[in-house]
Amino acid sequence: MPGFLPVLLAGCSLFAPAQQNDAIVRKVDDHYNHLNSLRAHYTERYSGMGMDRTEEGTLLLKKPGRMRWSYATPVGKVFVLDGKFAWFYTPGDAQATRVPAKQLDDLRSPLRFLLGHTQLAKELDGISVVKDGSGFRISGVPKGMEQKVKLLSLWVTAGGTIERMRLEEVDGAVTEFAFSSIEENVPVKDLDFGFIPPAGVTVVEGMPPI
């Protein structure tokens with residue numbers, strides 16, 4: 001069977017990258033499934049609808065289901081997920097927006113998979129993995145966000161840490177998050193994820209502004 005060995009080797013060469021890709025995805029899953037909390041500095045850039053805006057601040061995560069984006073620019077702007085509701089408020093606004101966590105499809109919400117039992121292969125449709133520099137880029141479409149998000153890409157280290165996230169919307173808008181100074185399993189309290197509207201601020205139900 002002179003042709004058998006080349007065919008076998010070709011089959012193995014195709015199978016090996018698939019195995020490697022699966023291993024990278026599992027490594028990200030395993031990394032975050034062993035975390036209880038996380039603190040990181042983030043830089044957020046949004047381009048779309050005639051805007052090009054860059055903001056930054058501190059991200060705090062705690063399982064189960066808690067997230068806080070505290071903006072340094074603009075100072076005092078917050079996006080909070082307290083486990084039951086998501087809150088969005090910018091100082092000076094007359095209203096704070098609240099939405100039930102189960103209905104949230106804000107562009108920060110894909111990181112919520114890090115707040116539960118992470119399974120990227122089940123969270124992303126059409127998932128793919130490619131080598132990118134010293135790490136990897138995992139891409140796919142978040143389930144339930146197909147009408148809004150064209151593609152979500154995660155840049156991860158070989159050890160499974162997410163360092164960057166890019167969301168491409170179906171309307172052409174792009175939001176990018178870069179993470180640095182990452183601290184894992186830091187001491188945090190549920191109170192760190194509370195939000196009390198300032199005096200005179202009205203709470204409205206709806207989706208957060210862009």
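Modeller: Let's start with the words: helices (H or I, at least four residues) and strands (E, at least two) are DSSP runs, numbered from the N terminus. By that count, the chain has two helices and 12 strands. This is a predicted model, where local features need pLDDT of at least 70, side-chain atom pairs count only at pLDDT 80 or more, and totals for chains, interfaces and linings use all residues. Residues are numbered from 1 along each chain as its sequence is written, and side-chain values use heavy atoms, with hydrogens and water left out.

Colleague: In what order do the elements of the chain run from the N terminus on?

Modeller: They go α-β-β-β-β-β-β-α-β-β-β-β-β-β.

Colleague: And what makes the 12 strands a sheet?

Modeller: Pairing does, and two strands pair if DSSP finds at least two bridges between them. Here the 12 strands form an open sheet with mixed pairing, in the order β7-β8-β9-β10-β11-β1-β2-β3-β4-β5-β6-β12. β7 (124–132) and β12 (202–205) each pair on one side only, which makes them the edge strands.

Colleague: How do you know that β7 and β8 pair?

Modeller: Two bridges would be enough, and β7 has seven with strand β8 (residues 135–142), in the antiparallel sense. One bridge links Val130 to its partner in β8, Arg137.

Colleague: Why is Val129, in that same strand β7, called buried?

Modeller: Buried means under 20% relative accessible area (exposed is over 50%, partly exposed in between; 1.4 Å probe, protein chains only). Val129 has 13%, so it counts as buried. Contact means heavy atoms within 4.5 Å. Leaving aside neighbours within four places in sequence, Val129 is in contact with Asn21, Ile24, Val25, Phe136, Arg137 and Ile138. Val25 is 104 residues away from Val129 in sequence, but their C-alpha atoms are 8.0 Å apart in space.

Colleague: What makes Lys62 count as buried?

Modeller: Its relative accessibility is 17%, and the limit is under 20%, so Lys62 is in. Lys62 belongs to strand β2 (residues 51–62).

Colleague: How do you know that the side chains of Lys62 and Asp190 are joined by a polar contact?

Modeller: A polar contact is a pair of N or O atoms within 3.5 Å; within protein, one must be able to donate a hydrogen and the other to accept it, and residues adjacent in sequence count only if both atoms are side-chain atoms. The Lys62 and Asp190 side chains have one of 3.1 Å, so the distance fits under that limit.

Colleague: Where does Lys62 sit in the pairing of β2 and β3?

Modeller: Lys62 stands opposite Arg66 in β3. β2 and β3 share seven bridges in the antiparallel sense. Their hairpin has three residues between the strands, and Gly65 takes a positive phi near 70° there.

Colleague: How many bridges join β3 and β4?

Modeller: Strand β3 (residues 66–73) and β4 have four, again antiparallel. Trp69 has Phe79 in β4 as its bridge partner. Four residues lie between these strands in the hairpin, where Gly76 has a positive phi near 90°.

Colleague: Which way do the side chains of β4 point?

Modeller: In a regular strand the side chains alternate between the two faces of the sheet. In β4 (residues 78–81), Val78 and Val80 point one way, Phe79 and Leu81 the other, and all are buried. On the β5 side, β4 and strand β5 (residues 85–89) pair in the antiparallel sense over four bridges, with Leu81 opposite Ala86. Gly83 takes a positive phi near 105° in that hairpin, which has three residues between the strands.

Colleague: How much of the chain counts as buried?

Modeller: Of its 210 residues, 41% do.

Colleague: Where is confidence lowest and where highest?

Modeller: pLDDT is the predictor's confidence in each residue, from 0 to 100. Confidence is lowest in helix α1 (residues 4–33), with a mean of 68, and highest in strand β11 (residues 174–184), at 94. The chain's mean is 84, and 84% of its residues reach 70 or more. Over residues 12–16, pLDDT stays under 50, and the model has zero contacts for them beyond four places in sequence.
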